[in-house]
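Hi,

Here is the structure I promised to pass on. Have a look at it first, and my notes follow underneath.

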Amino acid sequence: MGAPADDVLDDLAAEYARIETILASLTDAQWDAPSAAPGWTIADTVFHLAATEEGVVSTLATADDGWTTRDRPLDEVIDAAVRGRTGTSAEVFNRWRAATATSIAALAVADPNTRVRWAAAPLKPRTLATTRLAEHWAHMLDITGPLGIDNPDTDRVRHIAWLGHSTLPYAMRLAGLEPADVYCSLTAPSGRVFTYGPTDAGARITGAMGAFCRVGARRLDAADAGLRTTGGTARDALRVLRNYAA
């Protein structure tokens, strides 16, 4: 089975609550420490998450506000915004808490069938919520890893696995490949198995869900993930897998 769309907001709220607990425990020195995101401190990373949560509220309120319009690569726009940040770590943390609360509230009342602007393509609100879960999960790896903070995966990563699988056609086209059906059988942290894609697909990926999501987040090389592939298309799919849009 895939990830149920109707519980993603509950899981997003639960993920935010866990993140808030982790961030609230950080010392000033930890806030100023380097994250695994090149050139960003922990505070920079949280600032970025706060700013993009504010973008969720903005785009849901005014679908054509153009907040994602840009004349250069999105990564450059994001990095420039982070490097121009102001405020103490406490102010960054409070901004993130306010932004996530407002974002969850806005997503909860948004028309589920109306697509809104986002980074690469318009998204329905529940899919947008899933991208927020994916981005926060990935950046928390960037935060907790360097600080040596325990941050075990939960079954909430099933939403991220769904996102990575569902965007495979886009990722394959972006890489100049012909999209093809891929079947994934992934074991969640609880031991529960979730499946994605048609069971008769010739291309198959099996293994740990956390590893699959880390490959899609570009936090783990596919060759080191321990995932099993059947069919050449599966290897190509794993190579271009991504949980986010360029």
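Let's start with two rings: tyrosine 16 and tryptophan 96 are both buried, where buried means under 20% relative accessible area, exposed over 50% and partly exposed in between, with a 1.4 Å probe and protein chains only. Before going on, note that this is a predicted model, in which local features need pLDDT of at least 70, side-chain atom pairs count only at pLDDT 80 or more, and totals for chains, interfaces and linings use all residues. Residues are numbered from 1 along each chain as its sequence is written, and side-chain values use heavy atoms, with hydrogens and water left out.

Back to those rings. Tyrosine 16 and tryptophan 96 make an edge-to-face aromatic pair, 6.0 Å centre to centre with 80 degrees between the planes. (Rings of Phe, Tyr and Trp, the last by its six-membered ring, pair if their centres lie within 6.5 Å; planes under 30 degrees apart are stacked, over 60 edge-to-face, the rest tilted.) Tyrosine 16 belongs to helix 1 and tryptophan 96 to helix 5 (residues 89-109), so the pair ties together parts that are 80 residues apart in sequence. Helices here are DSSP runs of H or I with at least four residues, strands are runs of E with at least two, and both are numbered from the N terminus.

Tryptophan 31 and phenylalanine 93 form a tilted pair, at 5.8 Å centre to centre and 45 degrees between the planes. With tryptophan 31 in helix 2 (residues 28-31) and phenylalanine 93 in helix 5, this pair links parts 62 residues apart in sequence. Tryptophan 31 is buried at a relative accessible area of 4%, and phenylalanine 93 is buried at 9%. Together, Tyr16, Trp31, Phe93 and Trp96 form one aromatic cluster. Over the ring of phenylalanine 93 sits the charged end of arginine 97, 4.4 Å from the ring centre; the rule asks for NZ of Lys or CZ of Arg within 6 Å of the centre and within 35 degrees of the ring normal.

Which other part caught my eye? Helix 7 (residues 157-166) is mostly covered, with eight of its ten residues buried. Those buried residues pack against helices 1, 6, 8 and 9 as well as strands 1 and 2, a contact being heavy atoms within 4.5 Å.

As for the whole chain, there are ten helices and four strands, and buried residues make up 44% of the 246 residues. The structure holds zero disulfides (a disulfide is a pair of cysteine sulfur atoms within 2.5 Å).

Cheers
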